[in-house]
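Subject: Structure for you to look at

Hello,

Here is the structure I said I would pass on. Please open it first, then read the notes below.

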Amino acid sequence: MGYRVVWFKRDLRLHDHAPLAAAAQAGPVLCLYVVEPGLWAQPDASARQWGFVHESLLELDRELRTRGGRLVVCVGEVVEVLVRLHARAPFVAVHAHEETGNDWTYGRDRAVAAWGRAHGVDWHQWPQFGVVRGLCERDGWQRLRDAFMAGAPVRVPTRIDPVAWSDGLAAFPGARDLGLADGDAPRRQRGGRREGLAVLDDFLRERSQHYRGGISSPLSAASACSRLSPYLTYGCLGLREVEQSTQAHLAV
């Protein structure tokens, strides 16, 4: 029986991760993150974002290792990386979350789907936001969105059986290696789920009290806002858990 690839994109966490849970239940798993030069060449990419992602990946790898797994990091365009991995040891499926990104990421996902069809590799995607693909009209969207957001988070696998030959973390490229010459920001938010949970807790317990008035002023908005955007953008926190945590806080 072949193994399965779990491709991490903007979902750098184990919590409420349906692709990982499904793959881990089925057998050996290769947990993969691809540093895509094409993605980081997009006009909405920066060295600050790469620093945040790098830190998030290091924490993700540590969390995977507590459950027997590990994160494999490859550099290259995704289809090229999948071709190399499949030639080394064929896999039967790729599991991933749907990505709500830009036209580039949508085109890349379509290319992965086409490669999978051509090579007999199943391509499984799971939603992780309120976005519902394939709707021809907005009627019914609210019901579907609310049903998803109210659902119970997917449990983190207690054990992940890694592929025997998994090499683990590669040498991460630097920001300049990816063509990101704008430099890091010393006061930017740090990546990783632990940081995200701390920011969420601080907002719900303290800063949310000043949100209504503080968010409208440029002097106070930076601290009055939730500051959760990067943790949601890169999936250190799941949108479903943030919404459910907020509702639980408001109910107290």
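Where is A45 found? A45 sits in the loop between α2 (37-40) and α3, helices here being DSSP runs of H or I of at least four residues, numbered from the N terminus.

The model is predicted, so local features need pLDDT of at least 70 and side-chain atom pairs count only at pLDDT 80 or more, while totals for chains, interfaces and linings use all residues. Residues are numbered from 1 along each chain as its sequence is written, and side-chain values use heavy atoms, without hydrogens and water.

A45 is buried, with a relative accessible area of 18%; buried means under 20%, exposed over 50% and partly exposed in between, with a 1.4 Å probe and protein chains only. Leaving out residues up to four places away in sequence, A45 touches L39, W40 and L180 (contact means heavy atoms within 4.5 Å). A45 and L180 are 135 residues apart in sequence, but their C-alpha atoms are 7.8 Å apart in space.

The next item is helix α7.

Helix α7 covers residues 193-205, 13 in number. Its buried residues are R193, G196, V199, L200, F203 and L204. Viewed down the axis of α7, these fall within an arc of 125°, so they line one face of the helix; the arc is that of the directions from the helix axis to the C-beta atoms. R194 and R205, on the other side of α7, are exposed. Among the elements that cover the buried residues of α7 are α3, α10 and α11 (239-251).

Regards

Key. Helix = DSSP H or I, 4+ residues; strand = E, 2+ residues; numbered from the N terminus. Expected span 1.5 Å × (residues − 1).
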